[in-house]
Amino acid sequence: MTQLSQQRAEALLGVTRRHFFNDCGVGVGKIALAGLLSGAFRGTAAANPATDPLAARPPHFPGRAKAVIQLFMAGAPSQLELFDHKPALTAMEGKPIPPEVIGGQRYAFIRPDAAVLGPRYPFARHGDCGAELSDMLPHLANVVDDIAIVKSCKTDQFNHAPAQIFMNCGFAQPGRPSLGSWVTYGLGSESDDLPAFVVMSTGGGISGGAACWSSGFLPSVHTGTRFRNAGPPILNVASPAGADARLETETLGLVSTLNRQTLARDGDAEIATRIAAYEMAHRLQTSAPDLMNLGEESPATLACYGCDPAKASFARACLVARRLVERGVRFVTIYHHGWDAHSNVAGNVKNNCAATDQASAALVADLKQRGLLDETLVVWGGEFGRTPMVESSAVLGRSLGRDHHPNAFTMWLAGGGIRGGLTHGRTDDLGFHIVEDEVHVHDLQATILHCLGLDHERLTYRYQGRDFRLTDVHGHVVKDLLA
């Protein structure tokens with residue numbers, strides 16, 4: 001090596017990456033911005049999911065559904081006023097249910113010998129399938145041939161908070177990952193610009209709280225992102241006063257570089273979560289306003305949902321849910337609270353159906369019209385059912401209500417590999433016990449995962465020395481529901 005060559009080599013050895021970023025004329029901020037705008041960060045992650053926990057992943061087998069919209073009716077709708085018509089209750093109204101039917105079961109607020117309460121609304125058959133629906137569901141009647149009604153659902157829990165957590169997490173105590181978290185853990189996301197798992201709430205808060213959309217022991221990037229009902233959907237996404245685009249992108253780029261260096265050194269999944277969160281926040285500055293611009297929707301679409309874009313409502317949330325899955329979001333849950341009918345079950349059902357029936361049916365019809373229903377699974381239901389017996393308490397000011405009933409309740413599913421026009425399962429003449437084709441909560445969860453191409457027995461995560469799964473050691477796919 002000549003003296004000149006040796007001098008050049010020594011000079012190059014003295015140039016660090018910091019010198020390069022300072023002197024190359026581009027700068028780390030511009031490199032970071034280019035990556036954000038081109039999707040390069042996520043493109044790298046596709047080859048190495050360890051650097052992006054939300055990189056899209058293949059399912060265990062080809063699934064019909066690519067996304068899920070869960071319409072969670074918190075508080076537990078009365079199946080006896082909506083789906084499960086029991087004329088025998090009318091004939092027995094005011095009389096106690098026979099003791100042999102009760103079988104020693106205890107209730108939260110009523111005595112086992114409480115009197116029977118007949119259905120408050122008439123039923124009729126609808127669609128080519130002839131499914132029976134209450135008069136309170138006139139809009140759902142229009143799409144009944146596209147849904148599967150499951151009258152034989154059963155849960156292990158009879159109080160709201162543990163039952164809501166159980167329905168969402170497969171376990172009654174907080175700390176386990178939710179269904180949406182398991183789905184994003186298994187499949188990742190197809191959206192670069194929006195969270196993989198979005199949660200909205202209408203009608204008030206829910207008893208189970210944030211545990212219902214928690215990622216539990218999974219990396220926290222799989223936690224549901226809560227969207228607000230009005231104003232900016234996510235707080236603190238807009239740039240603070242005095243921060244221009246250059247400062248923001250250069251700051252983000254520097255933080256990302258440092259975090260990636262630490263991730264490469266330590267391999268901590270929570271660092272990958274932080275990187276993804278910062279990058280998502282940057283992209284949300286553009287994607288969130290576009291998502292919430294419901295003025296793009298036609299007047300006919302808004303009328304179909306019964307949606308006033310300026311007002312927070314279940315209808316608005318359903319329309320936003322459709323826009324989310326159009327943009328590649330994997331899992332959307334809408335919690336509508338208010339179905340806890342301990343008193344005046346007739347008024348409770350009427351009010352809640354007025355708020356939810358039109359939009360629920362419109363969501364199914366709209367997805368179908370846009371060619372999205374085949375790949376979007378819609379799931380409607382609460383945490384348990386209501387008793388055939390009446391709840392009445394002068395002390396609590398309750399009358400003509402129904403208590404919690406975990407033994408039998410109704411849910412419906414549509415799209416995403418589910419057979420439409422089907423009524424599955426049957427209860428006894430009093431709607432008290434399941435007598436045909438029981439579907440436990442774990443069976444329902446296994447079936448939802450199956451529609452997405454995920455085997456509930458193989459979708460596991462090792463934690464504290466053992467492999468956990470959503471369905472624990474239970475559950476089977478309800479094949480009769482599948483198209």
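Colleague: Happy to look at this predicted model with you. How far apart are the end C-alpha atoms of helix 13, and what span should its 13 residues have?

Modeller: Good place to begin, and please keep in mind that the model is predicted. Helix 13 covers residues 314-326, and at 1.5 Å a residue its 13 residues should span 18 Å. The expected span agrees with the distance between the end C-alpha atoms, which is 19 Å.

Colleague: Is helix 13 mostly covered or mostly open, and how many of its residues are buried?

Modeller: Helix 13 is mostly covered. Its buried residues include Phe-314, Leu-319 and Leu-324, and Arg-316, Arg-322 and Arg-323 are listed with them. Of the 13 residues in helix 13, the number buried is twelve.

Colleague: Which residue with a positive phi follows helix 13?

Modeller: The helix itself takes in residues 314-326. The residue with positive phi that follows has a value near 95°, and that residue is Gly-328.

Colleague: Now the interior. How many residues are in the largest nonpolar core, and which helix gives the largest share?

Modeller: In soluble globular proteins, nonpolar side chains tend to be buried together. Here the largest nonpolar core has 60 residues, and Leu-71, Leu-82, Phe-83, Met-200, Leu-324 and Trp-412 have the most contacts inside it. The largest share of this core is ten residues, and these come from helix 14 (residues 345-369).

Colleague: Which residues of helix 13 does Met-200 touch?

Modeller: Leaving aside neighbours within four places in sequence, Met-200 is in contact with residues including Phe-227, Val-332, Ile-334 and Tyr-335. Its contacts also include four residues that are listed among the buried ones of helix 13. They are Ala-317, Val-320, Ala-321 and Leu-324.

Colleague: How many residues are in the other core, apart from the largest one?

Modeller: Among the residues of that other core are Phe-409, Leu-444, Val-477 and Leu-482. It lies apart from the largest core, and its number of residues is 48.

Colleague: Let's turn to strand 10. Why is it described as largely enclosed, and how many bridges join it to strand 9?

Modeller: Six of the eight residues of strand 10 are buried, so the rest of the structure largely encloses it. Strand 9 (residues 385-393) runs antiparallel to strand 10, and one bridge pairs Val-390 with Arg-402. The number of bridges joining the two strands is five.

Colleague: Which residue in the hairpin of strand 9 and strand 10 takes a positive phi near 70°?

Modeller: This hairpin has four residues between the strands. The residue that takes the positive phi near 70° is Gly-397.

Colleague: Which residue in strand 10, other than glycine, has a positive phi, and what is its relative accessible area?

Modeller: Most residues other than glycine have a negative phi, and most peptide bonds are trans. Leu-400 has a positive phi, near 55°, and lies in strand 10. Leu-400 is partly exposed, and its relative accessible area is 45%.

Colleague: Where does Arg-398 sit, and with which side chain does its own side chain make a polar contact at 2.6 Å?

Modeller: Arg-398 lies in strand 10. Although 55 residues separate Arg-398 from Ser-343 in sequence, their C-alpha atoms are 4.8 Å apart. Arg-398 also touches Phe-109 and His-342, among others, and the side chain that its own side chain meets in a polar contact at 2.6 Å is that of Glu-391.

Colleague: Is Asp-403 buried or exposed, and which backbone nitrogens does its side chain reach?

Modeller: Asp-403 is found in strand 10 and is buried, with a relative accessible area of 0%. Asp-403 and Ile-110 are 293 residues apart in sequence, yet 6.9 Å apart from C-alpha to C-alpha. A polar atom of the Asp-403 side chain lies 2.8 Å from one backbone nitrogen, that of Phe-109. At 3.3 Å, the side chain of Asp-403 also reaches the backbone nitrogen of Ile-110.

Colleague: Last one: is Glu-81 buried or exposed, and what is its relative accessibility?

Modeller: Glu-81 is found in helix 5 (residues 79-82). Beyond four places in sequence, Glu-81 touches residues including Arg-120, Tyr-121, Ser-134 and Arg-402. Glu-81 counts as buried because its relative accessibility is 0%.

Methods
Residues are numbered from 1 along each chain as its sequence is written. This is a predicted model: local features need pLDDT of at least 70, side-chain atom pairs count only at pLDDT 80 or more; totals for chains, interfaces and linings use all residues. Side-chain values use heavy atoms; hydrogens and water are left out. Buried means under 20% relative accessible area, exposed over 50%, partly exposed in between (1.4 Å probe, protein chains only). Contact means heavy atoms within 4.5 Å. A polar contact is a pair of N or O atoms within 3.5 Å; within protein, one must be able to donate a hydrogen and the other to accept it, and residues adjacent in sequence count only if both atoms are side-chain atoms. The expected span of a helix is 1.5 Å times one less than its number of residues. A nonpolar core is a set of buried Ala, Val, Leu, Ile, Met, Phe, Trp, Tyr and Cys residues joined through side-chain atoms within 4.5 Å. Two strands pair if DSSP finds at least two bridges between them.
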